[in-house]
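Please open the structure in the viewer and keep the selection panel at hand. The tour proceeds stop by stop, with a short account of what is found at each.

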Amino acid sequence: ETLLESELFGHEKGAFTGAVGQKKGRFERAHRGTIFLDEIGELPPQVQVRLLKVIESREIERVGGTKSVPVDIRIISATHRNLSERVENGKFREDLWYRLNVFPIVIPPLRQRKGDIPALVRHFTEKKSADLKKTDIPGIDPDALEKLMAYDWPGNIRELLNIVERSLILHT
């Protein structure tokens, strides 16, 4: 938890073992910009409290520090968790939920939008072919595409990306 707080809020020299100098955290480095907080639903309660304070006061305090540092940031957050359920279960602060839930964008899992699979496979094939420095981009076998469409995708879009990359690595 302290490591996460140090990463987000920064720390002062001597704040903990190994803190040999002052370090700006992610919020401070994002000043006058945007910070993306992934897996916001996994934040420990103490970090939720500090994040709420940042949103409300537009200031951070480094770990081990006493001085407030103003930050002008836009926060974009993501999670695979149902935050309203976590609020009901007492695992996520309700006041933080309301502060973050300004403009929600819900992206259904891949298993609920299988019509996107052909375009995603083409895109990932082109992207990963370039990453792997393949000059000829292979086509997509219709039978393979049919199997991809029938699969349930518990690993969501990352699983599809990994399967495309694996296929390209094995493709001669």
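Begin by selecting Arg-50 and Phe-9 in this predicted model. Arg-50 is placed over the face of Phe-9, 4.1 Å from the centre of the ring.

Next, display helix H3, which covers residues 45-57. For its 13 residues, a rise of 1.5 Å a residue gives an expected span of 18 Å, and the end C-alpha atoms are indeed 18 Å apart, so the two values agree. Colour the buried residues of H3: Val-47, Gln-48, Arg-50, Leu-51, Leu-52, Val-54 and Ile-55. Arg-50, the residue of the opening stop, is thus among the buried residues of this helix. Move on to Arg-58, just after H3, where phi is positive at about 60°.

Now turn to the aromatic pairs, of which the structure holds two. Return to Phe-9 and add Phe-27 to the selection: the ring centres are 5.3 Å apart and the planes meet at 25°, under the 30 degrees required, so this pair counts as stacked. Phe-9 belongs to helix H1 (residues 2-9) and Phe-27 to helix H2 (residues 26-29); the pair links distant parts of the chain, 18 residues apart. Phe-9 is buried, because its relative accessibility is 1%, and Phe-27 is likewise buried, at 0%.

For the last stop, select Tyr-151 and Trp-153, an edge-to-face pair with 4.6 Å from centre to centre and 90° between the planes. Is each partner buried or partly exposed? Tyr-151 is partly exposed, with a relative accessible area of 34%, whereas Trp-153 is buried, at 0%.

Note on methods: Residues are numbered from 1 along each chain as its sequence is written. This is a predicted model: local features need pLDDT of at least 70, side-chain atom pairs count only at pLDDT 80 or more; totals for chains, interfaces and linings use all residues. Side-chain values use heavy atoms; hydrogens and water are left out. Rings of Phe, Tyr and Trp (its six-membered ring) pair if their centres lie within 6.5 Å; planes under 30 degrees apart count as stacked, over 60 as edge-to-face and the rest as tilted. Helices (H or I, at least four residues) and strands (E, at least two) are DSSP runs, numbered from the N terminus. Buried means under 20% relative accessible area, exposed over 50%, partly exposed in between (1.4 Å probe, protein chains only). A charge sits over a ring if NZ of Lys or CZ of Arg is within 6 Å of the ring centre and within 35 degrees of the ring normal. The expected span of a helix is 1.5 Å times one less than its number of residues.
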